[in-house]
Amino acid sequence: MSHPDTAADRQFIKRALEAAIRIAAIAFIVTWCYDILKPFVAPVLWAAIIAVAVKPISDWLETKFGFSRKWAATTVTLALLAALIVPTTVVTEKLSANVQTVTAKIESGEFDLPNPEDKVKDWPLVGEKVHAVWDEAANNLEGFLKKHETQVKEWGRVVFSKVAGIGIATLVMIFSIIIAGVFLAGADGSANFVTKLSTRLAGENGAKFAGLASVTVRNVTRGILGVAILQALLAGIGFYVIDLPAAPLLAGLVLVMSIIQINPLLLMVPLAIYVFSFASPVVAVIYMIWSIAVGLMDNVLKPLIMGQGSQVPMMVIFLGAVGGFVTMGFIGLFVGAVVMVVGYELFTAWLNDDPTAIADKADEGSAGKEVPAES
């Protein structure tokens, strides 16, 4: 007859072994599923952010025009796709045509690079170097290409990789917009899923955390992306009016700088100083004032917009944007900032351990309207 303690120990070991095997099997399946779905993590996150950001527009279409939810979601999705695809197609066609034209002229020996003007030397920081390289290439293009063959090939590879990266990012964005449309069309089901998941993970406060996350995402979307687009648009108008070269590229740089929380004045002020070298003093002064106003507008708009929800230190947004860019590329500039802000809000709520405060924050952020937690 076996000793009771020995039998109990054997039973405990048996149950522990079975539990370990089950946990290992579940961990294996979860890891395998994650590896399969990993390429879709960034697009789905981006889609969730887009859905939260444009949900008020979809709701407005339902209320104003009597659209069904699916028709409203379809309309918003098609509008977003058009806003992304049409400009991208136009720019791509123009760049492709210009590259083909220049390549054909270089191969036939008909390409004539004009000599740089003396005012190029007055460009801030890089004027002298750009003028010297440009002058050398204009006087002997064939010799210049042979002399700098290695650098030219390297530049070509870098440009090609950047263009390919932009193309991939555009495709990912298109995919994300389509997924966002699906989220919008099934907003009720998405909200129920997020609520159930949050409740399962965080208990009775799960729904409150989901609402707080939705408020934070929406306010950060407006505060970061909305202000960045507005700044880039106004800066681009100034670039075109003053006839600066590569105006679309400069506007794109303003957009990126604003998203990653680097004040675009660092770019716009030197450009405004450069304008004094070719424009009349009155025009140059007006443009300088315009540049400063556009560069400083985020200091006013962002606190007003983001102040509607929870207050988040700008350093958290900056670290999220930069870290997201390093790990996920261009999309990560925004996704990283949003994830960091949401994480910061949830962490501080947990740290304070005050469920009432959590509910109050969520209610304040969604003042006058229930905030959907679908995304």
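Select helix 1 (residues 4-37) to begin: this helix gives the most to a nonpolar patch on the surface, supplying 5 residues. The model on screen is predicted. Extend the selection to Phe28, Ile29, Trp32, Ile36, Leu37, Phe40, Val44 and Phe175, which form the nonpolar patch and together have about 810 Å² of accessible area.

**From the patch into helix 6**

Retain Phe175 from that selection and display helix 6 (residues 149-185), where Phe175 is found. Phe175 has a relative accessibility of 34% and therefore counts as partly exposed, the class between 20% and 50%.

Proceed next to Ser176, which is also placed in helix 6. Is Ser176 buried or exposed? Ser176 has a relative accessible area of 0%, so this residue is buried. To view what surrounds Ser176, select Pro43, Trp46, Ala47 and Ile50; Ser176 is in contact with these residues when its neighbours within four places in sequence are left aside.

Remain in helix 6 and select Thr170. Thr170 counts as buried because its relative accessibility, 16%, is under the 20% limit. Which residues does Thr170 touch, not counting those up to four places away in sequence? They are Leu84 and Thr88.

**Helix 8**

Display helix 8 (residues 206-242) and centre the view on Ser214, which lies in this helix. Ser214 is buried, with a relative accessible area of 3%. Add Ala53 to the selection and draw a distance between the two C-alpha atoms: Ser214 and Ala53 are 161 residues apart along the chain, and their C-alpha atoms are separated by 9.4 Å.

**Annotated spans**

The unreviewed UniProt entry lists residues 19-37, 163-187, 223-242, 249-267, 273-296 and 316-344 under "transmembrane region". Two of these spans may be selected in turn.

- Residues 223-242: the span is 100% helix and 0% strand, and its end C-alpha atoms lie 28 Å apart.
- Residues 249-267: the span is 74% helix and 0% strand, and its end C-alpha atoms lie 12 Å apart.

**The whole chain**

Return to the full protein chain in a cartoon representation. How many helices and strands does the protein chain contain? There are 14 helices and 0 strands, and the pattern along the sequence reads α-α-α-α-α-α-α-α-α-α-α-α-α-α. Of the 375 residues in the protein chain, 33% are buried. A surface representation corresponds to an exposed area of about 23,000 Å², of which carbon and sulfur atoms supply 70%. If contacts are displayed between residues at least 6 apart in sequence, 68% of them join residues at least 24 apart.

**Colouring by confidence**

Finally, colour the model by pLDDT. The protein chain has a mean pLDDT of 76, and 77% of its residues reach 70 or more. Where in the protein chain is confidence lowest, and where is it highest? The lowest mean, 53, belongs to helix 14 (residues 355-365), and the highest, 86, to helix 10 (residues 265-275). Then select residues 367-375, over which the pLDDT is below 50. This stretch has 26 contacts in the model beyond near neighbours in sequence. Predicted coordinates should not be read in detail where pLDDT is low.

Technical notes
Residues are numbered from 1 along each chain as its sequence is written. This is a predicted model: local features need pLDDT of at least 70, side-chain atom pairs count only at pLDDT 80 or more; totals for chains, interfaces and linings use all residues. Side-chain values use heavy atoms; hydrogens and water are left out. Patches are made of residues with over 30% relative accessible area and no salt bridge: like charges are joined within 9 Å, nonpolar side chains (Val, Leu, Ile, Met, Phe, Trp, Tyr) within 5 Å. Accessible areas come from the Shrake-Rupley method with a 1.4 Å probe; for residues, only the protein chains shown count as cover. A salt bridge is a side-chain nitrogen of Lys or Arg within 4 Å of a carboxyl oxygen of Asp or Glu. Helices (H or I, at least four residues) and strands (E, at least two) are DSSP runs, numbered from the N terminus. Buried means under 20% relative accessible area, exposed over 50%, partly exposed in between (1.4 Å probe, protein chains only). pLDDT is the predictor's confidence in each residue, from 0 to 100. Contact means heavy atoms within 4.5 Å. UniProt positions are given in the numbering used here, feature names are shortened, and annotations may be inferred rather than shown by experiment.
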